[in-house]
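Here are my notes for you, written as a short walk through the charged pairs and then the nonpolar core. Keep the picture open while you read.

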Amino acid sequence: MDALYIPNLLQAPEKTRVIEVETYFPELETLTPVRGQVKVTHQGTYLDVQGTGEAIITLTCDRCLQNYNHRLSVSPREMIWLQDSSQDEEFIPIEREVAVEDLVETVAPDGYFNAETWLYEQLCLALPQQQLCSNTCEGIPLTSDNPAQVTDQVDHRWAALAQLKTYLPDEDS
């Protein structure tokens, strides 16, 4: 999908454009295409962007390392200010204090807005920080109930290091 040319929004009915989205994002591996819509309204000094999107994504549980499917669903709304940032870029100081109210998204009033990129970013922000297959996930099951026996077992990937350990002098002597 092509990006929206922002001045063209002024001629659209109610200065609004609704974009239907059904696509796969190469950077976001989903089982189903991302389906949703993005509504962009030109409000004079800012764009009012709202949308919905959902897809099913395969995640790996942080506790048990098993794969599980997760429904990723978003319905964000954001104001994107129309501001020409080319003037600001000419005089960038080495160090600058930034106020909280300056931490906003801006685009040039005569530039382009890519609705698919915006929806992709919103989906990425909605990915769970802690990925658990269930609230009751116990983690990787131990092969023995006796913790002393578990510490004696060596993962085959660490076997070379365990063998090297036999050549090291004993710390107790």
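The points below take the salt bridges one by one and then turn to the core.

1. First, a reminder: you're looking at a predicted model. Every distance and percentage in this note was computed from that model.

2. Let's start with charge. Side chains of opposite charge can pair when their charged atoms come close. How many salt bridges does the count come to? The count is 3 salt bridges, and each gets its own point here.

3. Find Glu22 and Arg35. Their side chains meet in a salt bridge, with N to O at 3.3 Å. The two residues sit 13 residues apart, Glu22 in strand S2 (residues 16-23) and Arg35 in strand S3 (residues 34-42), so this pair links distant parts of the chain. As for the surface, Glu22 is exposed at a relative accessible area of 55%, while Arg35 is partly exposed at 42%.

4. Now go to Asp48 and Arg77, whose side chains form a salt bridge at 2.5 Å, N to O. This pair also links distant parts of the chain: Asp48 belongs to strand S4 (residues 46-60), Arg77 to strand S6 (residues 77-82), and they are 29 residues apart. Is Asp48 buried or exposed? Buried means under 20% relative accessible area, and Asp48 has 8%, so Asp48 counts as buried. Its partner Arg77 is exposed, with a relative accessible area of 58%.

5. The remaining pair to look at is Glu54 with Arg71, where the closest N and O atoms are 3.3 Å apart. Because Glu54 lies in strand S4 and Arg71 in strand S5 (residues 67-74), the salt bridge ties together parts that are 17 residues apart in sequence. Glu54 is partly exposed, at 35% relative accessible area, and Arg71 counts as exposed, at 51%.

6. Next, switch to the greasy side chains. The largest nonpolar core has 30 residues, and the ones with the most contacts inside it are Val38, Val40, Leu47, Val49, Phe113 and Leu123. Which elements supply at least two residues each? They are helix H1 (6-9), strands S2, S3, S4, S5 and S6, and helix H3 (115-126). The largest share, 5 residues, comes from S4.

7. Last, zoom in on Phe113. What does Phe113 touch, leaving aside its neighbours within four places in sequence? Phe113 is in contact with Ala3, Leu4, Ile6, Val40, Leu47, Val49, Ile80 and Trp118. You'll recognise Val40, Leu47 and Val49, since they were named among the core residues with the most contacts.

Technical notes. Residues numbered from 1 in each chain as written. Predicted model: local features only at pLDDT ≥ 70, side-chain atom pairs only at ≥ 80, totals over all residues. Heavy atoms only, no water. Salt bridge = Lys/Arg side-chain N within 4 Å of Asp/Glu carboxyl O. Helix = DSSP H or I, 4+ residues; strand = E, 2+ residues; numbered from the N terminus. Buried < 20%, exposed > 50% of the residue type's maximum accessible area, 1.4 Å probe, protein only. Core = buried A, V, L, I, M, F, W, Y, C linked by side-chain atoms within 4.5 Å. Contact = heavy atoms within 4.5 Å.
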